[in-house]
Amino acid sequence: VATKAAPARVPAWDATARVLTWGGVVVKQFKVPAANQEKVLSAFQEEGWPASIYDPLPPVPGIDAKRRLHDTINRLNRNQRERRLRFYGNGNGQAIRWAAMS
């Protein structure tokens, strides 16, 4: 008898409500716009929460893309209502990863 594997547990980003959840628990809720963080979360949601995505932030003249991604990652990790998720750079400033905290 074939059995289905349990679906992988991934976060959920509701861009309309601007709420990030993990297992039904609110991890982060944005009360004011946070364009870069929201763009990263939307990219993860659109791609089905793979382990890593390339930097989804569009280039801005005069702003260092690696620094901006690093700052966005730091902000994603800050002010979580429930510390359930951690975001990381991939080391070359071109991608972002996520992992569940134990």
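**Exercise 1. In this predicted model, determine how helices α1 and α2 are oriented to each other, and state which residues make the contact.**

Solution.
Step 1. Locate the two helices: α1 covers residues 35-46 and α2 covers residues 65-77.
Step 2. Take the geometry of the pair. The helices pack at an angle of about 85°, and their axes are 9 Å apart.
Step 3. Classify the angle. Angles of 65 to 115 degrees count as roughly perpendicular; α1 and α2 are therefore roughly perpendicular to each other.
Step 4. List the contact residues. Helix α1 contributes Asn 36, Gln 37, Val 40 and Leu 41, while α2 contributes Arg 68, Thr 72, Arg 75 and Leu 76.
Step 5. Sort them by class. The contact of α1 with α2 has 3 nonpolar, 3 polar and 2 charged residues.

**Exercise 2. Describe the sheet with the order β1-β2-β3 and say which of its strands stand at the edges.**

Solution.
Step 1. Establish the topology: this is an open sheet of 3 strands, and the pairing is antiparallel.
Step 2. Identify the edges. Strands β1 (12-14) and β3 (25-29) each have a single partner strand, so one side of each has no neighbour in the sheet.
Step 3. Give the twist. Ignoring direction, neighbouring strands of this sheet are turned by 25° against each other on average.
Step 4. Examine one pairing. Strand β2 (residues 19-22) pairs with β1 over 3 bridges in the antiparallel sense. Within β2, Val 19 is the bridge partner of Asp 14.
Step 5. Add the helix. Helix α1 packs on the sheet and touches β1, β2 and β3, with its direction at about 125° to that of β1.

**Exercise 3. Is Leu 20 buried or exposed, and with which residues is Leu 20 in contact once neighbours within four places in sequence are left aside?**

Solution.
Step 1. Place the residue: Leu 20 belongs to strand β2.
Step 2. Apply the cut-off. Buried means under 20% relative accessible area; Leu 20 has 1% relative accessibility and therefore counts as buried.
Step 3. Read off the contacts, without the neighbours within four places in sequence. Leu 20 touches Pro 11, Ala 12, Trp 13, Val 25, Val 26, Val 27, Lys 28, Leu 41, Trp 49, Leu 85 and Phe 87.
Step 4. Compare sequence and space for one other pair. Leu 20 and Ile 96 are 76 residues apart in sequence, and their C-alpha atoms are 16 Å apart.

**Exercise 4. Describe the sheet with the order β4-β6-β5 and find the residues opposite Ile 96.**

Solution.
Step 1. Set out the topology: the sheet is open, has 3 strands and is paired antiparallel.
Step 2. Identify the edges. Strands β4 (52-54) and β5 (85-89) each have a single partner strand, so one side of each is left without a neighbour in the sheet.
Step 3. Give the twist, which averages 25° from one strand to the next.
Step 4. Count the bridges. Strand β6 (residues 95-100) is joined to β5 by 5 bridges and pairs with β4 over 3 bridges.
Step 5. Find the partners. Ile 96 of β6 has Gly 89 opposite, and Ile 53 also stands opposite Ile 96. Elsewhere in β6, Ala 99 is the bridge partner of Arg 86.
Step 6. Look at the turn. Strands β5 and β6 form a hairpin with 5 residues between them, and Gly 91 in the turn has a positive phi of about 100°.

**Exercise 5. How many salt bridges does the structure hold, and which parts does the pair of Glu 38 and Arg 18 tie together?**

Solution.
Step 1. Count: the structure holds 3 salt bridges.
Step 2. Take the pair of Glu 38 and Arg 18, with an N to O distance of 3.3 Å. Glu 38 lies in helix α1 and Arg 18 in the loop between β1 and β2, so the pair ties together parts that are 20 residues apart in sequence. Both Glu 38 and Arg 18 are buried.
Step 3. Take Asp 71 and Arg 67, whose closest N and O atoms are 3.2 Å apart. The two are 4 residues apart in helix α2, which means a separation of about one helical turn. Asp 71 is partly exposed at 25% relative accessibility, and Arg 67 is partly exposed at 46%.
Step 4. Take Arg 84 and Glu 82, which meet at 3.6 Å, N to O. Arg 84 is partly exposed, with a relative accessible area of 27%; Glu 82 is partly exposed too, at 35%.

How values were computed. Residues numbered from 1 in each chain as written. Predicted model: local features only at pLDDT ≥ 70, side-chain atom pairs only at ≥ 80, totals over all residues. Heavy atoms only, no water. Axes fitted to C-alpha atoms, helices over the stretch in contact; angles between N-to-C directions. Parallel < 35°, antiparallel > 145°, perpendicular 65-115°, else oblique. Contact = heavy atoms within 4.5 Å. Nonpolar A, V, L, I, M, F, W, Y, C, P; charged D, E, K, R; others polar. Pairing = 2+ DSSP bridges. Salt bridge = Lys/Arg side-chain N within 4 Å of Asp/Glu carboxyl O. Buried < 20%, exposed > 50% of the residue type's maximum accessible area, 1.4 Å probe, protein only.
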